[in-house]
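Hi everyone, thanks for coming. I'd like to take a few minutes to walk you through a structure, so please have a look at it while I talk.

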Amino acid sequence: ELLLAVPENKQTNFKGNTVILKFNEYIETSTLQQNLVISPTIKGTYEIKTSGKEVKLKFENDFEPNTSYLLNFRNGIKDLTEKNPTNNLKYVFSTGSKIDSLELNGTISDIHTKIPVLDALVALYPHNDTIHNILKTKPKYFIKTDSLGKYKFENIKNDTYTLVTFTDKNENLYFDQKTEKIGFKKSKIE
């Protein structure tokens with residue numbers, strides 16, 4: 001159970017590059033790097049330091065101004081003894097004066113088999129970017145589908161986006177034409 005967060009969950013006007021989370025039990029974070037989804041995409045890297053009941057994320061670069069950040073820990077933080085993951089821990093803060101609150105959800109299915117696609121990367125790009133930029137640019141927002149092919153974006157900034165989904169087998173957030181399947185929504189999303 002999360003006892004304390006710095007900055008606080010839903011805090012606005014955050015300045016800094018470090019996030020600290022304190023829990024009620026000793027924790028382990030060996031899979032946090034693979035599980036943590038930060039949305040929108042950050043520039044640079046971050047370092048994870050775990051000590052007892054605390055995890056500290058130190059970011060290489062400052063966060064963008066006037067932006068809400070959602071950290072979805074998925075199964076990346078577990079109690080040390082029984083290895084139980086935190087229960088759907090999501091944490092949001094803003095560098096501006098408000099928390100963005102728009103949401104977008106849907107389902108991704110294979111066009112041929114109609115079977116839902118597990119772990120498809122669903123990506124939102126600023127609409128002014130061309131489709132060719134998916135080869136060179138990381139998405140602004142991204143999330144993976146669950147076992148039913150469902151996805152849900154939360155805390156999205158009000159803007160116009162292009163939605164693209166691909167299998168992202170190498171997990172680099174770029175579409176690889178040779179090995180990955182792709183799908184997209186023809187119309188823009190506002």
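I'll go through the nonpolar cores, then one strand and its partners, and then some salt bridges. Please keep in mind that this is a predicted model.

Let's begin inside. The largest nonpolar core has 22 residues, and the ones that touch the most other members are Leu57, Leu71 and Phe73. Which elements give two or more residues to this core? They are β2 (18-23), β6 (54-59), β7 (68-72) and β9 (90-94).

If you want one residue to click on, try Leu57. Setting aside neighbours within four places in sequence, Leu57 is in contact with residues including Val19, Leu32, Leu36 and Ile48. Leu71 and Phe73 are also among its contacts, and so are some polar residues you can look up, including Asn17, Thr18 and Glu47.

There is another core, apart from that one. This other core has 13 residues, among them Leu104, Leu124, Ile156 and Tyr161. As a general point, nonpolar side chains in soluble globular proteins tend to be buried together.

Now to strand β11 (121-126). Of its 6 residues, 5 are buried, so β11 is largely enclosed by the rest of the structure. What does β11 pair with? One partner is β12 (residues 141-144), antiparallel, over 4 bridges, and here Leu121 stands opposite Lys144. Another is β14, also antiparallel, joined to β11 by 6 bridges; in that pairing Tyr125 faces Thr162.

On to the charges. Side chains of opposite charge can pair when their charged atoms come close. The model has 9 salt bridges, and I've picked three for you.

The first on my list joins Asp110 and Lys181, with the closest N and O atoms 3.2 Å apart. This pair links distant parts of the chain, 71 residues apart: Asp110 sits in the loop between β10 (102-107) and β11, and Lys181 in the loop between β14 (161-166) and β15 (182-184). Is Asp110 buried or exposed? Asp110 counts as buried because its relative accessibility is 15%, whereas Lys181 is exposed at 55%.

Next, Lys98 and Asp100 form a salt bridge, with 3.2 Å between the closest N and O atoms. Lys98 is exposed, at 54% relative accessibility, while Asp100 is buried, at 6%.

Finally, the side chains of Lys188 and Glu190 meet in a salt bridge at 3.6 Å, N to O. Here Glu190 is exposed, with a relative accessible area of 69%, and Lys188 is partly exposed, at 43%.

That's my tour; I'm happy to take questions.

Key
Residues are numbered from 1 along each chain as its sequence is written. This is a predicted model: local features need pLDDT of at least 70, side-chain atom pairs count only at pLDDT 80 or more; totals for chains, interfaces and linings use all residues. Side-chain values use heavy atoms; hydrogens and water are left out. A salt bridge is a side-chain nitrogen of Lys or Arg within 4 Å of a carboxyl oxygen of Asp or Glu. Buried means under 20% relative accessible area, exposed over 50%, partly exposed in between (1.4 Å probe, protein chains only). A nonpolar core is a set of buried Ala, Val, Leu, Ile, Met, Phe, Trp, Tyr and Cys residues joined through side-chain atoms within 4.5 Å. Contact means heavy atoms within 4.5 Å. Two strands pair if DSSP finds at least two bridges between them.
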